[in-house]
Amino acid sequence: MIDKRVKNAKEAIEGIQDGMTLMLGGFGLCGIPENSINALVESDVKDLTCISNNAGVDDFGLGLLLHKRQIKKMISSYVGENAEFERQMLSGELDVELTPQGTLAEKCRAAQAGIPAFYTPAGYGTEVAEGKEVKEFKGKPHILEHAYEADFSIVKAWKGDHAGNLIFKGSARNFNHPMAGAAKITIAEVEELVEPGQLDPNEIHIPGIMIQRIFQGEKFEKRIEQRTVRTKE
Ligand SMILES: CC(=O)CC(=O)O
């Protein structure tokens with residue numbers, strides 16, 4: 001068995017360099033790889049292209065990287081809730097590629113499965129389809145979408161073992177599942193890291209072969225506070 005443990009988030013993000021493309025799991029503020037994002041903020045790496053369903057809020061998740069201008073381009077499906085994101089996009093400081101949510105998920109899943117491209121009806125007749133090949137299936141036009149090519153994928157899981165096997169909890173599975181194994185290197189941060197053999201094989205969602213680095217993250221009270229504020233709004 002290969003032991004994929006690294007000491008902490010700082011060690012997990014080693015090798016992430018200026019200009020790289022990252023996938024980051026999560027949906028809303030749920031299932032965000034917060035420890036790794038904090039390590040990226042501290043590392044000062046810049047000009048990143050981030051593939052993530054959304055861009056966090058002003059002071060949590062990817063919002064922290066945006067705040068320090070470390071992101072050059074965001075590829076997302078939903079970009080509300082973040083005033084700094086809006087400011088950077090409207091001023092032209094941030095390049096944004098808006099993608100239908102199902103297409104975003106499938107472009108990750110295709111990368112994970114080694115499928116280079118696929119056809120989808122989503123986005124046909126809109127800006128999303130500009131410059132893309134169109135083909136009819138059952139009389140309906142579809143556009144050709146390509147799998148993402150990312151340098152690192154960073155996911156968050158509930159439990160994991162030293163070999164990288166992962167279990168997600170509830171809706172925090174979200175984009176973490178199709179992003180695991182969809183880049184050259186996948187980092188998994190988990191709430192609880194256990195010995196190999198401790199996870200029930202019937203419950204594993206992502207097999208260790210998809211994961212190169214794993215560590216147990218620290219818990220942040222901030223996340224709980226922010227989630228509560230957002231729910232009340
Ligand atoms: C609606 C979404 O896609 C994500 C979010 O709630 O931030």
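**Cores, a helix and a small sheet**

Visitor: Which residues touch the most other members in the largest nonpolar core?

Guide: In this predicted model, the largest nonpolar core has 31 residues, and those that touch the most other members are Ile-16, Leu-40, Leu-62, Ile-71, Met-74 and Ile-187.

Visitor: And which elements give two or more residues to this core?

Guide: Helix H1 (9–12), S1, H2, S2, helix H3 (62–67), S3 and strand S8 (150–161) each give two or more residues, and the largest share, four residues, comes from H2.

Visitor: What is Leu-62 in contact with, leaving aside its neighbours within four places in sequence?

Guide: With those neighbours left aside, Leu-62 is in contact with Leu-24, Ile-37, Cys-50, Ser-52, Asn-54, Ala-55, Gly-56, Ile-71 and Met-74. Apart from the core just described lies another one, of 25 residues, which includes Leu-104, Ala-157, Leu-166 and Ala-183.

Visitor: Back to H2, then. How many of its residues are buried?

Guide: Seven of the ten residues of H2 are buried, so this helix is largely enclosed by the rest of the structure. The buried ones are Glu-34, Asn-35, Ser-36, Ile-37, Ala-39, Leu-40 and Val-41.

Visitor: What follows H2?

Guide: H2 is followed by Asp-44, whose phi is positive, near 70 degrees. Another aspartate, Asp-47, sits in the loop between helix H2 (34–43) and S2, and its phi is also a positive value in a residue other than glycine, near 55 degrees.

Visitor: Is Asp-47 buried, exposed or partly exposed?

Guide: Asp-47 is partly exposed, since its relative accessible area is 36%, and the partly exposed range lies between 20% and 50%.

Visitor: Which residues does Gln-70 touch, not counting those up to four places away in sequence?

Guide: On that basis Gln-70 touches Leu-40, Val-41, Asp-44, Val-45, Lys-46, Asp-47, Leu-48 and Leu-65. Gln-70 lies in the loop between H3 and S3, and it is buried, with a relative accessible area of 2%.

Visitor: Now the loop between S1 and H2: is Ile-32 buried or exposed?

Guide: Ile-32, which lies in that loop, is buried, with a relative accessible area of 9%. Leaving aside its neighbours within four places in sequence, Ile-32 is in contact with Gly-25, Gly-26, Phe-27, Ile-37, Phe-60, Gly-61, Lys-156 and Glu-189. In addition, the C-alpha atoms of Ile-32 and Ala-157 are separated by 9.2 Å, although these residues are 125 residues apart along the chain.

Visitor: Changing topic, what polar contacts does the side chain of Ser-77 make?

Guide: The side chain of Ser-77 makes a polar contact with the side chain of Asn-53 at 2.5 Å and another with the side chain of Gln-101 at 2.9 Å. Ser-77 lies in the loop between S3 and helix H4 (83–90), and its contacts beyond four places in sequence include Leu-98, Thr-99, Pro-100 and Leu-104.

Visitor: Gln-101 starts H5, going by the residue range. What span should that helix have?

Guide: Helix H5 runs over residues 101–113, and at 1.5 Å a residue its 13 residues should span 18 Å, because the expected span counts one less than the number of residues. The end C-alpha atoms of H5 are 18 Å apart, which agrees. After H5 comes Gly-114, with a positive phi near 75 degrees.

Visitor: Which residues of H5 are buried, and what do they pack against?

Guide: The buried residues of H5 are Thr-103, Leu-104, Lys-107, Cys-108, Ala-110, Ala-111 and Gln-112. They pack against strands S1 (21–24), S2 (48–51), S3 (71–76), S5 (117–120) and S7 (140–146), and against helix H6 (176–179).

Visitor: In what order do the three strands of the open sheet come?

Guide: The order is S5-S7-S6, with antiparallel pairing. S5 and strand S6 (134–137) stand at the edges, each with a single partner strand, so one side of each is left without a neighbour in the sheet. Direction ignored, neighbouring strands of this sheet are turned by 40 degrees against each other on average.

Visitor: Where does H5 touch that sheet?

Guide: H5 packs on the sheet by touching S5 and S7, and its direction makes about 155 degrees with that of S5.

Visitor: How many bridges join S6 to S7?

Guide: Four bridges join S6 to S7, and the bridge partner of Lys-135 in S7 is His-142. In the loop between S6 and S7 is Lys-138, which has a positive phi of about 50 degrees although it is not a glycine, and which is exposed, with a relative accessible area of 90%.

Definitions and conventions: Residues numbered from 1 in each chain as written. Predicted model: local features only at pLDDT ≥ 70, side-chain atom pairs only at ≥ 80, totals over all residues. Heavy atoms only, no water. Buried < 20%, exposed > 50% of the residue type's maximum accessible area, 1.4 Å probe, protein only. Contact = heavy atoms within 4.5 Å. Pairing = 2+ DSSP bridges. Axes fitted to C-alpha atoms, helices over the stretch in contact; angles between N-to-C directions. Core = buried A, V, L, I, M, F, W, Y, C linked by side-chain atoms within 4.5 Å. Polar contact = N/O pair within 3.5 Å; in protein donor to acceptor, adjacent residues only side chain to side chain.
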